[in-house]
Amino acid sequence: MELKSYQKRVIKDLEDYLDLFQYVGDPAKTFNTYWERKAGPYDPLSKKGMRPYQDNVPGAIHLCVKVPTAGGKTFIAVNALKTVFDHYGPSAPRAVVWLVPWSNLLQQTVRTLSDPDHPYRQKLNALFRNRVEVYEKDQLLMGAGFNPTSVQEQLSIIVMSFASLRARRKEDRKVFQENGQLAGFRELYEGTAHIKPGTDDTALINVIRHLNPVVVVDESHNAESDLSVDMLKDLNPSFVLDLTATPKQNSNIIGLVPA
């Protein structure tokens, strides 16, 4: 399965942004410069151009791809991962948190990214030399195949629901609790700046925060509340990629696919 022409344009837009970022070094300045060159200065009266960058998750590049329903947003995201990590260099951990709003979408995502016969997984294997592992939250809490060595040698995709990080229910708060199964990650820590206040350093949330993951937010229009933005900040991401057909006002659109 290969990218269609309109999907290639989205990936090229992302590549162009990241190439510019290498010189500018600031997500907001890069975004604003990118769109000024592409569409001219933003005019708030006529709405011409692209509205300035919204710094929703400080410290992270936060971009949005607008893709209509059935436009192949998951496949775009799969290919975008290679584009992002290529710009990070070989030493950065290949850690991804793939967030979905609903449990049925979670299972579907896990299935399509894990099944060796599915085109999405086949593309991941081709892009990352067959060194890919997909995890659900419960696997991570048990430390099943998830350890300091594995995260440095492969692409680790952690599929989670929004509820797992909003922590309203007791079973969801396990992400923030002490976990002896993950104690081995302490050897990777360089300082304690990544530790979320009020949590143990072995909590899953702190392991994820240490990895500065790339975060893919599927159906991101469901994650625009203050609570959801805090959810993203909790992950300490280096990069956030929103996928939606209906971007909200605070979305930083980098690629648009017309219906």
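Guide: The axis of a helix is a line fitted to its C-alpha atoms over the stretch in contact, and angles between N-to-C directions run from 0 to 180 degrees. In this predicted model, the axes of helix 1 and helix 3 (residues 73–88) cross at roughly 20 degrees and come within 10 Å.

Visitor: Why is helix 1 called roughly parallel to helix 3?

Guide: Angles under 35 degrees count as roughly parallel. The crossing is at roughly 20 degrees, and therefore helix 1 is roughly parallel to helix 3. The crossing is also right-handed.

Visitor: Which residues of helix 1 and helix 3 meet?

Guide: On helix 1, the residues include Val-10, Ile-11, Leu-14, Glu-15, Leu-18, Asp-19 and Gln-22. Among their counterparts on helix 3 are Phe-75, Ile-76, Ala-80, Val-84 and His-87.

Visitor: What does His-87 touch, not counting residues up to four places away in sequence?

Guide: His-87, placed in helix 3, touches Glu-15, Leu-18, Asp-19 and Gln-22. Its side chain also reaches the backbone oxygen of Thr-83 at 3.0 Å. A polar contact requires a pair of N or O atoms within 3.5 Å, so the distance of 3.0 Å satisfies that cut-off.

Visitor: How do you know that strand 1 and strand 6 pair?

Guide: Pairing requires at least two bridges. Strand 1 and strand 6 are joined in the parallel sense over six bridges, so the requirement is met. One of the bridge partnerships links Ile-61 with Phe-239 in strand 6.

Visitor: How many bridges join strand 1 to strand 7?

Guide: Three bridges join these strands, which run parallel; since at least two are needed, they also count as a pair. Lys-66 has Leu-256 in strand 7 as its bridge partner.

Visitor: What is the order of the strands in the open sheet?

Guide: The seven strands of the open sheet follow the order 3-4-2-5-6-1-7, with parallel pairing. Strand 3 (132–136) and strand 7 (253–256) are the edge strands.

Visitor: What makes strand 3 and strand 7 edge strands?

Guide: Each of them pairs on one side only. Across the sheet, neighbouring strands are turned by 20 degrees against each other on average, with direction ignored. Helix 1 (residues 5–24) packs on the sheet, where it touches strand 1 (61–66), strand 6 (239–244) and strand 7. The direction of helix 1 makes about 160 degrees with that of strand 1. Helix 2 (residues 27–39) lies across strand 1 and strand 7, at about 40 degrees to strand 7.

Visitor: What makes strand 1 mostly covered?

Guide: Five of its six residues are buried, a term that applies under 20% relative accessible area.

Visitor: Why is Asn-252 called buried?

Guide: The cut-off for a buried residue is under 20% relative accessible area. Asn-252 has 2%, and it is therefore buried. This residue is found in the loop between strand 6 and strand 7.

Visitor: Which backbone oxygen does the side chain of Asn-252 reach?

Guide: The side chain of Asn-252 reaches the backbone oxygen of His-62 at 2.9 Å. In addition, a polar atom of this side chain lies 2.7 Å from the backbone nitrogen of Gln-54. Both distances lie within the 3.5 Å limit for polar contacts. Leaving aside neighbours within four places in sequence, the residues in contact with Asn-252 include Phe-31, Pro-52, Tyr-53, Asn-56, Leu-63 and Cys-64.

Note on methods:
Residues numbered from 1 in each chain as written. Predicted model: local features only at pLDDT ≥ 70, side-chain atom pairs only at ≥ 80, totals over all residues. Heavy atoms only, no water. Helix = DSSP H or I, 4+ residues; strand = E, 2+ residues; numbered from the N terminus. Contact = heavy atoms within 4.5 Å. Buried < 20%, exposed > 50% of the residue type's maximum accessible area, 1.4 Å probe, protein only. Polar contact = N/O pair within 3.5 Å; in protein donor to acceptor, adjacent residues only side chain to side chain. Parallel < 35°, antiparallel > 145°, perpendicular 65-115°, else oblique. Left-handed = near helix turned anticlockwise from the far one by under 90°.
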